[in-house]
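Colleague: I have a model in front of me and would like to go through it with you. Where should we begin?

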Amino acid sequence: MTIRYKCRHCETEIGQLPLDSIDEHFLKKNDITHEEKDLYIELGNEGEYTVQCICEECQSSLQKFPNYYALKKWIQ
Ligand SMILES: [Zn+2]
C-alpha cells in the first residue's frame with residue numbers, strides 16, 4: 001500500500017511513499033494535528049491514501065501572490 005502526495009491547488013501528483021514510512025513521527029514533524037490529518041489524508045476506494053499537500057510551484061506562487069490564493073479560496 002502506498003501514500004500518494006497530491007498538490008491540492010493544481011492536482012499534480014508530487015510523489016508516492018510506502019505506507020510503512022508514514023508514522024506518528026512524520027505527522028508530528030509536519031505539524032499535522034489529528035483534525036488536520038482527517039482533512040488532508042483521504043482514503044481512496046482501493047485502500048490507498050492520498051495526502052493533500054502543496055507542490056513547490058504552488059508554494060512559490062503562494063509566497064509571491066498570497067492574495068490570489070486567498071481570493072480563489074473565497075470564490076470556491
Ligand atoms: Zn501545485
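Modeller: Let us begin with one residue. This is a predicted model, and in it Arg4 has a relative accessible area of 32%, so it counts as partly exposed.

Colleague: In which strand does Arg4 lie?

Modeller: The elements run β-β-α-α-β-β-α-α from the N terminus on, and the protein has four helices and four strands. The strand that holds Arg4 covers residues 2–7 and is β1.

Colleague: How far apart in space are Arg4 and Val51, C-alpha to C-alpha?

Modeller: Arg4 touches Glu48, Tyr49, Thr50 and Val51, among others. β1 and β4 run parallel and are joined by five bridges, and Ile3 stands opposite Tyr49 in β4. Arg4 and Val51 are 47 residues apart in sequence, but their C-alpha to C-alpha distance is 6.0 Å.

Colleague: Is Thr50 buried or exposed?

Modeller: Thr50 is found in strand β4. Beyond its neighbours within four places in sequence, Thr50 is in contact with Arg4, Lys6, Tyr40, Ile41 and Glu42. The cut-off for burial is under 20% relative accessible area. At 13% relative accessibility, Thr50 therefore counts as buried.

Colleague: How many of the five residues of strand β4 are buried?

Modeller: Of the 76 residues of the protein, 16% count as buried. Strand β4 spans residues 49–53 and is largely enclosed by the rest of the structure, because the number of its five residues that are buried is four.

Colleague: Which residue takes a positive phi in the hairpin of β3 and β4?

Modeller: Strand β3 covers residues 41–43 and runs antiparallel to β4, with three bridges joining them. Ile41 stands opposite Val51, and the bridge partner of Leu43 is Tyr49. The hairpin has five residues between the strands, and the one with a positive phi near 80° is Gly47.

Colleague: Which strands stand at the edges of the sheet?

Modeller: Strands of a sheet pair through backbone hydrogen bonds, either parallel or antiparallel. Here four strands form an open sheet with mixed pairing, in the order β2-β1-β4-β3. Each edge strand has a single partner strand, so one side of it is left without a neighbour in the sheet; the two edge strands are β2 (13–18) and β3.

Colleague: By what angle are neighbouring strands of this sheet turned against each other on average?

Modeller: The sheet is open and has the order β2-β1-β4-β3. With direction ignored, the average turn between neighbouring strands of this sheet is 25°.

Colleague: What is the arrangement of the four donor atoms around the zinc ion?

Modeller: The protein donors are the SG atoms of Cys7, Cys10, Cys55 and Cys58, lying 2.3 Å from the zinc ion. Ideal angles for four tetrahedral donors are 109.5 degrees. The donor atoms here subtend angles of 107 to 112°, which makes the arrangement tetrahedral.

Colleague: How are the donor residues of the zinc ion spaced in sequence?

Modeller: The donor residues are Cys7, Cys10, Cys55 and Cys58. Among them, Cys55 and Cys58 are both buried. In sequence, the spacing of the donor residues is C-x2-C-x44-C-x2-C.

Colleague: What share of the contacts with a separation of 6 or more comes from residues 24 or more positions apart?

Modeller: One pair separated by 47 residues in sequence is Arg4 and Val51. For the protein, residues 24 or more positions apart account for a share of those contacts equal to 44%.

Terms used:
Residues are numbered from 1 along each chain as its sequence is written. This is a predicted model: local features need pLDDT of at least 70, side-chain atom pairs count only at pLDDT 80 or more; totals for chains, interfaces and linings use all residues. Side-chain values use heavy atoms; hydrogens and water are left out. Buried means under 20% relative accessible area, exposed over 50%, partly exposed in between (1.4 Å probe, protein chains only). Contact means heavy atoms within 4.5 Å. Donors are N, O and S atoms within 2.8 Å of the metal (3.2 Å for Na, K and Ca); water is not among the atoms, so sites may look incomplete. Four donors count as tetrahedral if all angles lie between 85 and 135 degrees; four count as square planar and six as octahedral if opposite donors are over 155 degrees apart and all others between 65 and 115; anything else is irregular. Two strands pair if DSSP finds at least two bridges between them. Axes are lines fitted to C-alpha atoms, for helices over the stretch in contact, and angles run from 0 to 180 degrees between N-to-C directions.
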